[in-house]
Every structure is written in C-alpha cells, then in structure tokens.
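This report goes through one protein structure part by part. Please look at the sequence and the model first.

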Amino acid sequence: ATPMSVMVGVGKAAEAGILIRDGEALQTSAKLDTIVLDKTGTITEGKPAVSGILCSDGQQEDSLLALAAGLEAGSEHPLAHAILDAARERSLTRARVTAFQAHNGLGVSARQGEQTLRLGNRRWLEEQGIAVNLDLSALTDAGATPLLLARDRQLLGAIGVADRIKPDSAEAIARLRQAGLKVVMITGDVAASAHAIARQAGVDEVMAEVLPADKADRVKALQAQGATVAMVGDGINDAPALAQADVGFAIGSGTDVAIESAGVTLMGGSLHGVADAIAISAATVRNIK
Ligand code: ADP
Ligand code: MG
C-alpha cells in the first residue's frame with residue numbers, strides 16, 4: 001500500500017466519523033473474516049430497564065426492588081442504573097446496606113445487619129449455595145437478563161432487566177454477513193437471554209456467559225483457528241479483547257480505556273460504522289494493488 005492512498009483512505013473514513021489509528025489498522029481491516037460484537041452497548045442500546053419481577057413465595061415486588069436498589073446504589077454497571085431507575089419510578093426507599101462489593105461479571109453483594117444480600121446471575125448464586133427454584137423463562141425468553149436476589153441462602157426472587165437492540169443493528173449485521181464476514185456475539189449474559197437478542201440481531205454464533213477476563217481468550221481461540229478477527233466493544237471490560245483482536249473497534253460513547261485499546265474508533269453508536277470502515281479499507285487496499 002502506498003502511504004498516499006492509505007492517507008486518502010484514512011481521511012475518507014474520518015469524514016464518515018471513523019477514526020482509523022494508522023495504516024496498519026486500515027490494511028488489516030480489509031483482511032478481516034470474523035467480527036466479534038459485544039452485546040451490551042454494542043448490539044443493544046446499553047440502556048437496560050426493568051421489564052418484570054418474579055417473586056419467591058411470600059415476597060413482594062416492591063420490597064425486592066428496594067433491596068436491589070440498596071445493593072446497586074454503589075455500582076456503576078448499566079444493570080444497576082435500571083434497578084435504581086425502577087425503584088425511583090415507584091418512589092421506593094432504597095434499603096440501607098453496608099460492605100458493598102462488586103463482583104465483576106457476576107453481580108453485587110452487601111450486608112444488611114447480620115445478613116448477606118446478593119444480586120447477580122444464576123451461576124454465581126448457585127456457587128454460593130443458593131438454590132434457584134424459580135422458572136426464569138418468562139424473563140429470558142423475551143431477552144431479559146434475570147438478576148437473582150438472595151438473602152443469605154434464601155432466594156427472594158428475580159428481576160428481569162431488558163435492553164433493546166439498536167434500531168439499525170440487524171441491518172448493519174446483515175451488511176457484514178453479505179460482505180462475507182462471520183458475525184459472533186459475545187456476552188457475559190446467560191445463554192437464554194443472549195440467544196433471544198442474537199435472533200433479533202441475526203448473528204451467526206453466540207458466546208454467552210463469558211467472564212470479562214475471558215473475552216480476550218475467546219478472540220485468541222478464533223485466531224488460533226486461522227481467523228482474522230475484529231472485536232467491537234465499548235466497555236472497560238472489553239479493552240483486553242479489543243487489544244487482542246487483529247483490529248479493535250471502540251464504538252459510540254466508548255470508555256477511554258476502550259478507545260486506547262482500539263485501532264478504530266467509531267464516533268457514532270451505529271454498527272454501520274463497522275461495515276463502512278471495512279468497505280473503505282477494502283476499497284483503499286484494492287486501489288493500491
Ligand atoms: P456484558 O458482557 O453483557 O457486558 P457483564 O460481563 O458486565 O455483561 O456482566 C455479566 C453478568 O453478570 C450480567 O448479565 C449479570 O447477570 C451479572 N452482573 C454484572 N454486574 C452486575 C450488577 N451490578 N448487578 C447485578 N448483576 C450483575
Ligand atoms: Mg459490556
């Protein structure tokens with residue numbers, strides 16, 4: 001590639017709100033065959049809202065929500081905002097808790113007097129010895145993420161938090177697939193919820209229940225099979241996977257850490273930016289051959 005044509009390509013991309021770090025990122029973008037998309041905030045809006053509450057026997061929705069809001073008051077996770085908003089809408093007083101702890105990719109815990117409260121995913125609660133004897137399919141079939149609430153060993157209920165896919169995600173993903181790319185969705189979310197979103201988005205493959213620390217390993221495994229991989233994400237959690245990928249794309253309101261780890265930064269939140277970046281790169285490389 002001549003430096004001149006690469007400069008032209010990088011400039012053309014910049015006009016479309018696509019910041020390509022260097023010539024290498026541009027040339028590699030033209031060779032991609034696999035795109036890994038983070039679910040939350042990348043395929044979806046990243047603005048989850050409470051969509052339903054399931055109570056264990058003898059429990060009430062409002063008291064569950066008040067406890068959950070007390071737990072999430074110290075968290076910065078998008079799921080926490082959904083819980084806090086719902087409690088506010090119902091004018092509930094947040095439960096007062098101490099010893100708050102965030103467990104990355106699992107949930108949150110805190111103390112209430114002598115008791116331990118936990119809110120998080122099923123696997124984590126079961127690991128803590130809590131039996132999950134609620135049918136969660138009413139929440140997961142609709143693509144909601146069930147957050148399970150427990151006091152010590154007792155399951156109190158589940159709060160469903162749902163995040164809509166961005167209006168143009170399915171169209172952009174269809175474009176990527178038409179360009180011959182394999183599109184994979186990766187998420188820490190449970191399989192049932194992830195598959196409901198995947199169906200709406202039209203991806204080829206789903207990797208669910210992947211811990212934040214393991215996302216980069218999944219990218220590496222694809223590369224070991226011979227794939228040239230792009231990772232698209234927005235969160236702090238995604239930074240190692242963005243760095244591991246052949247090209248990392250930081251999307252939309254991406255965190256500083258994500259942008260630093262990425263070869264391409266998309267100013268807008270749309271996945272069309274990924275398809276545009278690849279098309280511009282391919283056209284640039286084709287012209288210089
Ligand atoms: P994603 O890959 O979708 O960005 P994360 O890796 O951040 O998701 O979280 C994975 C899962 O861990 C969530 O779907 C949720 O079940 C649980 N979890 C993480 N943080 C929290 C929290 N603050 N409150 C409740 N559950 C949480
Ligand atoms: Mg995320």
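Is Asp-189 buried or exposed? Asp-189 is buried, because 29 other C-beta atoms lie within 10 Å. Here a residue is called buried if 20 or more other C-beta atoms lie within 10 Å of its own, exposed if 12 or fewer, and partly exposed in between, with C-beta atoms placed from the backbone.

The model is a predicted one, in which local features need pLDDT of at least 70 and side-chain atom pairs count only at pLDDT 80 or more, while totals for chains, interfaces and linings use all residues. Residues are numbered from 1 along each chain as its sequence is written, and chains are lettered from A and ligands numbered from 1 in the order in which they are written.

**Overall form**

The protein has 13 helices and 13 strands; helices (H or I, at least four residues) and strands (E, at least two) are DSSP runs, numbered from the N terminus. Its radius of gyration is 21 Å, close to the 19 Å that the globule rule gives for 289 residues, so the protein is as compact as a globular protein of that length. That radius is taken over C-alpha atoms, and the globule rule is 2.2 Å times the number of residues to the power 0.38. The C-alpha trace spans about 70 × 30 × 30 Å along its principal axes. Of the 289 residues, 46% count as buried. Among contacts with a separation of 6 or more, 59% come from residues 24 or more positions apart; two residues are in contact if their C-beta atoms, placed from the backbone, lie within 7 Å.

**Around Asp-189**

Asp-189 sits in the loop between strand E9 (182-186) and helix H9 (191-201). Neighbours within four places in sequence aside, Asp-189 is in contact with Lys-39, Thr-145, Ala-194 and Ala-208. From Asp-189 to Val-210 there are 21 residues in sequence and 7.5 Å in space, C-alpha to C-alpha.

**The ligand shell**

The shell around ligand 1 holds 22 residues, of which Thr-40, His-77, Gly-105, Asn-121 and Gly-188 come nearest. A residue is near a molecule if its C-beta atom, placed from the backbone, lies within 6 Å of it. Two or more shell residues come from each of helix H3 (39-43), helix H5 (78-89), strand E5 (107-112), strand E6 (115-120) and strand E7 (145-151). By type, the shell has seven nonpolar, twelve polar and three charged residues. In this count Ala, Val, Leu, Ile, Met, Phe, Trp, Tyr, Cys and Pro are nonpolar, Asp, Glu, Lys and Arg are charged, and the others, Gly among them, are polar.

Thr-40 also appears among the contacts of Gly-46, which include Gly-41, Pro-78, Asp-163 and Asp-234 as well, leaving aside neighbours within four places in sequence. Gly-46 lies in the loop between H3 and strand E3 (49-55) and counts as buried, with 21 C-beta neighbours inside 10 Å.

**Nonpolar cores**

A nonpolar core is a set of buried Ala, Val, Leu, Ile, Met, Phe, Trp, Tyr and Cys residues joined through C-beta atoms within 7 Å. The largest has 51 residues, and Ile-35, Val-36, Ala-230, Phe-249 and Val-274 touch the most other members. Helix H13 (residues 272-288) gives the most to this core, with five residues. Another core lies apart from it, with 31 residues, among them Leu-64, Leu-67, Ala-82 and Leu-148.

**Two helices with a buried face**

In helix H8 (residues 169-178), Ser-169, Ala-172, Ile-173 and Leu-176 are buried. Seen down the axis of H8, these residues fall within an arc of 100°, so they line one face of the helix. The arc is that of the directions from the helix axis to the C-beta atoms.

Helix H10 (residues 215-224) has Lys-215, Val-219 and Leu-222 as buried residues. Their arc, seen down the axis of H10, is within 60°, so they too line one face. They pack against strand E2 (34-38), E9, strand E11 (229-233) and helix H11 (239-244).

**Positive phi values**

Most residues other than glycine have a negative phi. The table lists residues with a positive value.

| Residue | Phi | Place |
|---|---|---|
| Ser-91 | about 55° | loop between H5 and strand E4 (98-103) |
| Asp-152 | near 50° | loop between E7 and strand E8 (154-162) |
| Gly-180 | about 90° | just after H8 |
| Gly-226 | about 100° | just after H10 |

Ser-91 is exposed, with 7 other C-beta atoms within 10 Å, and Asp-152 is partly exposed, with 13.
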